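User: Please take a close look at one part of this model, the nonpolar core and what lies around it. I would also like to see how the surface compares.

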Amino acid sequence: DNPSGLMVIGVYRSNEVDETHILSQVVCQLESKADQADFMLTEIKIGNLDLEQTNEIIMVLLSIDESDKTLGLARVCHKRSYGNVFSLLVF
């Protein structure tokens with residue numbers, strides 16, 4: 001239930017934002033005011049991809065149905081991107 005009809009989505013890399021970062025401070029302030037101001041704050045943490053997930057993305061991108069045909073490329077891409085989906089798609 002969202003009485004205001006407003007949704008804000010923010011994305012950041014948690015390894016680049018520590019507790020002294022302005023974003024962390026703003027999120028902390030929002031969390032403390034959420035109940036009083038009648039809004040919800042939801043945080044969804046997404047981890048890095050594993051090799052199998054990396055291979056699945058490569059299979060989709062290359063329109064290949066057999067995982068063994070893309071596994072070698074997936075290993076290289078996973079190693080280079082450290083499983084970060086944003087880095088994988090740029091790589």
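Analyst: What follows starts with the core and then moves to the surface. The model is a predicted one.

The largest nonpolar core consists of 5 residues, namely Leu49, Ile58, Ala74, Cys77 and Leu88. In soluble globular proteins, nonpolar side chains tend to be buried together. Within this core, Cys77 can be followed outward through its contacts. Setting aside residues up to four places away in sequence, Cys77 touches Thr54, Ile58, Leu88 and Phe91. Two of these partners, Ile58 and Leu88, are themselves listed in the core.

Leu88 also leads to Ser81. With neighbours within four places in sequence left out, Ser81 is in contact with Ser87 and Leu88. Ser81 belongs to helix α3, which covers residues 67-81. Its relative accessibility is 3%, so Ser81 counts as buried, the cut-off being under 20%.

On the surface, Ile22, Val26, Leu30, Phe39 and Leu41 make a nonpolar patch of about 390 Å². Leu41, one of these residues, sits in the loop between α1 and α2, the latter spanning 51-62. Leu41 has a relative accessible area of 41% and is therefore partly exposed.

Asn15 lies in the segment before α1, a helix that runs over 22-37. Because its relative accessibility is 69%, Asn15 counts as exposed, the cut-off being over 50%. From Asn15 to Cys28 the separation is 13 residues in sequence and 17 Å in space, taken from C-alpha to C-alpha.

Conventions:
Residues numbered from 1 in each chain as written. Predicted model: local features only at pLDDT ≥ 70, side-chain atom pairs only at ≥ 80, totals over all residues. Heavy atoms only, no water. Core = buried A, V, L, I, M, F, W, Y, C linked by side-chain atoms within 4.5 Å. Buried < 20%, exposed > 50% of the residue type's maximum accessible area, 1.4 Å probe, protein only. Contact = heavy atoms within 4.5 Å. Helix = DSSP H or I, 4+ residues; strand = E, 2+ residues; numbered from the N terminus. Patch = residues over 30% accessible without salt bridge, like charges linked within 9 Å, V, L, I, M, F, W, Y side chains within 5 Å. Areas by Shrake-Rupley, 256 points an atom, 1.4 Å probe, with all protein chains shown as cover. Salt bridge = Lys/Arg side-chain N within 4 Å of Asp/Glu carboxyl O.
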